[in-house]
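Colleague: I'm new to this one. Could you walk me through how to read a few of its features?

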Amino acid sequence: MSACSRCRCSRASPTASIRAADVSVDVYVNGKNTLPNFAPGKVAGPLTLPAGSYAIKVFKVGADPASATAVIDTSVDLPAGANASLVAGLDAAGKPTLFTFVNDVSAAAAGSGRLAVAHTAAGGP
């Protein structure tokens, strides 16, 4: 069995197809509704997942994944032992997308810290 990865998921902004900031989504991982009713601004995890490739699909809450079009439909490769963040946001064209970041969780030097910042929404500063 391959080493597991730890993954956090967040919904950073409403999508182009779901403009209201209070609309939640269902997040499917490899065909299973893993994060039902996932609201904007929420963070899930860390989830412990085996290393591998994952099919990620995001639908409006309650949509039938067999017939509805996913708002986001992509795949993510998680390497063994990784600590990753998956963030649903908007690309530069305003299209819903899933950003994947591998987090550096190594020890910082004494007296130092580490901060990661990502701009994951079209428009704005």
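Modeller: Sure, we'll take a hairpin, a pocket and a residue in turn. This is a predicted model, where local features need pLDDT of at least 70 and side-chain atom pairs count only at pLDDT 80 or more, while totals for chains, interfaces and linings use all residues. Residues are numbered from 1 along each chain as its sequence is written, and side-chain values use heavy atoms, with hydrogens and water left out.

Colleague: In which sense do β2 and β3 pair?

Modeller: Strands are DSSP runs (E, at least two residues), numbered from the N terminus, and two of them pair if DSSP finds at least two bridges between them. Here β2 (25–29) and β3 (32–38) run antiparallel over four bridges, with Val27 opposite Leu35. They make a hairpin with two residues between them, and Asn30 in the turn has a positive phi of about 50 degrees.

Colleague: What lines the largest pocket?

Modeller: A pocket is an open set of points on a 1 Å grid over the protein atoms alone, where a 1.4 Å probe fits, with protein on both sides within 12 Å along at least five of seven lines; lining residues have an atom within 4 Å of a point. This one has 13 lining residues, and Ser85, Phe101, Asn103, Ala116 and Val117 lie nearest its centre. β7 (83–90) and β8 (96–102) each supply at least two of the lining residues.

Colleague: And what does Thr100 touch, leaving aside its neighbours within four places in sequence?

Modeller: Contact means heavy atoms within 4.5 Å. Thr100, in strand β8, contacts Val76, Ser85 and Leu86 beyond those neighbours. Thr100 and Val76 are 24 residues apart in sequence, yet 7.6 Å apart C-alpha to C-alpha.
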